[in-house]
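This report looks at two parts of one protein model. Please have the sequence and the structure in view while reading.

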Amino acid sequence: MLEKTFDPKTAEPRLYAKWESLGAFAPTSDPAAEPFSIVIPPPNVTGSLHIGHALNNTLQDVLIRFERMRGKAALWLPGTDHAGIATQMVVERQLAAAGNQSRRDMGREAFVAKVWEWKAESGGTITNQLRRLGASCDWSRERFTLDEGLSAAVRKVFVTLHKQKLIYRDKRLVNWDPALQTAISDLEVEQKEVDGHFWHFAYPLEDGSGEIVVATTRPETMLGDTAVAVHPTDERYKHLIGKAVRLPIVGRPIPIIADEYADPEKGSGAVKITPAHDFNDFQVGKRHNLPQINILTPDAKINENGPREYQGLDRFEARKKVIAAFEELGLLREVEKTRHAVPHGDRSGVVVEPYLTDQWYVDAKTLAGPAIKAVEEGRTVLEPKTWEKTYYEWMRNIEPWCVSRQLWWGHRIPAWYGPDGKIFVEETEERARAVAREFYGRDEPLRQDEDVLDTWFSSGLWPFSTLGWPEETADLARFYPTNTLVTGFDIIFYWVARMMMMGIHFTGQVPFKRVFFNALVRDASGAKMSKSKGNVMDPLELVDQYGADPLRFTLTAMSGQGRDIKLSTQRIEGYRNFGTKLWNAANFCQFNGCVRAEGFDPAAVTNPLNRWIVGETQKTAQAVTEAIASCGFDGAANALYRFIWNTYCDWYVELSKPLLKGEDAAAKAETQGTAAWALDVILKLLHPIMPFLTEELWSQTADLGVPRAEGMLISAQWPDLPASLLDPKSEAEIGLIVAAITEGRSVRAELNVPGSARPPLLVLEADAAQRAVLEANGPIMAQLLRVSEVRVAETAPQGAIPFVVQGVTFALPVAEFIDLTVEKGRLAKEIATLASDIAHVMKKLGNPDFVARAKEEVVEENRERLAESEAAKAKLEGALARLEAVV
């Protein structure tokens, strides 16, 4: 017999270990099976499972379990990313804590060995946590972005792109982290709102005829100014274009140029141009062929290009000195307070500098063309479709991609420098030396580039490098292109776009046929989760408290396309109760002998109730299949919830009791077989979302009746039920009973009829077939609706509340149990309160200022509140109309 309740703490590790030991996560070796593959967005090797991972990986698991049960060769390929900066920082902190030792003290080789040592000890944390979530990845194929096979792919791609002149070395501005002393990507830059100032400086005209005023939030950068720009149509400055100013402190003359970047409406309309320390200024400098003067060292001190008395000063000390100098020179015109966004390194926490350095770049513009075309032609479909616009805008305006990082942990750039600076880019040092020997005519010492590649470079190859490329492996031939990528929209530029560009360029095929962008998970009030707010929900704590299945179901049910998920523990608790409801239904079936019958054919059942549940099961199976196949995960979960909780557990279980306890042996046996069959289908349909509970129920009911030939549920065949199982006649009959009970309950609830009251349910108008159905099911209807009886009547007594269901007119005499006049007044008062609330919310939402100023989640909350109030008001108005008809 089943245990009283499901215990996830003992069942989950036991079931997962069994799945793994049986090799249930590996794709079938049947060559006739259609391949279906997903590559996991590789989490950082430093990471631990957060709620975003839980959502993303739950959806992937739902999809892979579903396709596996549909008989496909389903591969979910897992792995982790070496996560350059993040991992290096973890180990550096450990070294500092252990003995105040730095990586530079150790040297590169020893430090990298230390990182590998750390990875071996701690690098599997997140993959073990994914197991706790129930992720059915094929762990035998697990990859790491620094595996030798993937490293070989990285070297081949870099060298090939270089030979194709799509990778080159250039001096450009990058986001520079002065603490880590490396270029970082835009994703690693965090914009923080801070209080600051606009300092308005006067630059004297070189001919002594006046001055021009510029404003800046970074006064120290003026030491690298190479021009002042004004708008070409700005009448105030037209006469100055082509003249020069004498740069204060530095003393060099710099030109006044005309460029549309200068905004006449902003400040004085004149802007200082520092091409080596501002991204916009860099572009202006290129247009006007201006000098690029870098005034900072890698650790953000003034370098040899600054005045002697400034050299060696930290940038913020230099800022104070510059301001003081302008004040002393009488050239500080105004100091204006401001609040503005300042870029910070998300890991170091220091202010990031636009910094001019020599770096390696990929010609992303050339690679983006085919990637754009692939989406335009539908070879890769983005879902929700609204993300196409974002993808196109970014790809069509893509800048050169800086792929070099000044780190030690990562893929070392396969470039070697000769004594004269000549660069040899080859896959191995031996090959580089051979090419250099041919070039120089003799052996010359070579020095390998110190930099490593951006982690997005190697993860951009993930869909094909993990399958063995550049070798022509069996996995690559079978599973590439992959089918579906499930990922967050926040990395559409950094990862999805890179994979599209690299995959098409190197394999000639798109890396995936479909990309599904999942939503963000927010707290119950819609706020973004953050440690500083104290509203972070740890998925592992939630699994400990509720089990993996309720968390998985919650995330799946709330994952509607384009909507953020407002996660609350109440939701998770509610879906745990849903699992308990199913467990209790299985217990009911077991107690009532509802066992699998050999040769049971759902198409052959004859009782209307059984024909009805067979049809409802078919409709649910079809809806769930279509929803998961199209990534409508929430639609699948909600269809299952309605069917299991309402249709099966509430209605079918209750309506079947007279048949299970009756004297008709044939009807009883048929109902037992039908209930067991429907329960089996439920377990199969629910398994992708709630794998542990369903697998446990599957195994614990396996010894009842006919043993299952399918083994574990994870390997069972997905239900493919024909539409011929639908029976409109039984659907109408049982639908009438369900609707009558449901509407009768609403009337009782709306009018506050006491639960102890037992009025009769009168059938006033119905055709002969409907009367027959109601009379046959009168006892069970009376029991479920808490009425004394269900009987046909010609007229209703005074004070009976009428209602119509499917053309049948019913009446519920309740006047002896409630004061109809008092109830009428109560309803009118509640309707007025709701009307006032609706008007208040509509006024807010109709105010453009409120909609523009309020946070998106606040506006959405108001819209939801409006919808709820309008629905409640409509319901009460219906109840009041009923009362008014009889009072």
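## What helix 5 packs against

In this predicted model, the buried residues of helix 5 pack against three elements: helix 3 (84-99), helix 4 (103-106) and strand 21 (452-453). The residues in question are R108, F111, V112, V115 and W118.

Helix 5 spans residues 108-122, which makes 15 residues. From the first C-alpha to the last, helix 5 reaches 21 Å, close to the 21 Å expected at 1.5 Å a residue.

## Two sides of helix 5

Viewed down the axis of helix 5, the buried residues fall within an arc of 115 degrees, so they line one face of the helix. Buried here stands for under 20% relative accessible area, and exposed for over 50%. On the other side of helix 5, the exposed residues are E109, A120 and E121.

## A four-stranded sheet

Further along the chain, four strands make up an open sheet with mixed pairing, in the order 27-26-29-28. Strand 27 (790-792) and strand 28 (800-805) are at the edges; each has a single partner strand, so one side of each is left without a neighbour in the sheet. From one strand to the next, the twist averages 30 degrees.

Strand 26 (residues 761-765) and strand 29 (residues 808-813) run antiparallel and are joined by three bridges. L762 has A811 in strand 29 as its bridge partner.

## The helix on the sheet

Which strands does helix 24 touch where it packs on the sheet? Helix 24 (residues 728-750) touches strand 28 and strand 29. The direction of helix 24 makes about 145 degrees with that of strand 28.

Conventions:
Residues numbered from 1 in each chain as written. Predicted model: local features only at pLDDT ≥ 70, side-chain atom pairs only at ≥ 80, totals over all residues. Heavy atoms only, no water. Pairing = 2+ DSSP bridges. Helix = DSSP H or I, 4+ residues; strand = E, 2+ residues; numbered from the N terminus. Axes fitted to C-alpha atoms, helices over the stretch in contact; angles between N-to-C directions. Contact = heavy atoms within 4.5 Å. Expected span 1.5 Å × (residues − 1). Buried < 20%, exposed > 50% of the residue type's maximum accessible area, 1.4 Å probe, protein only. Arc of directions from axis to C-beta.
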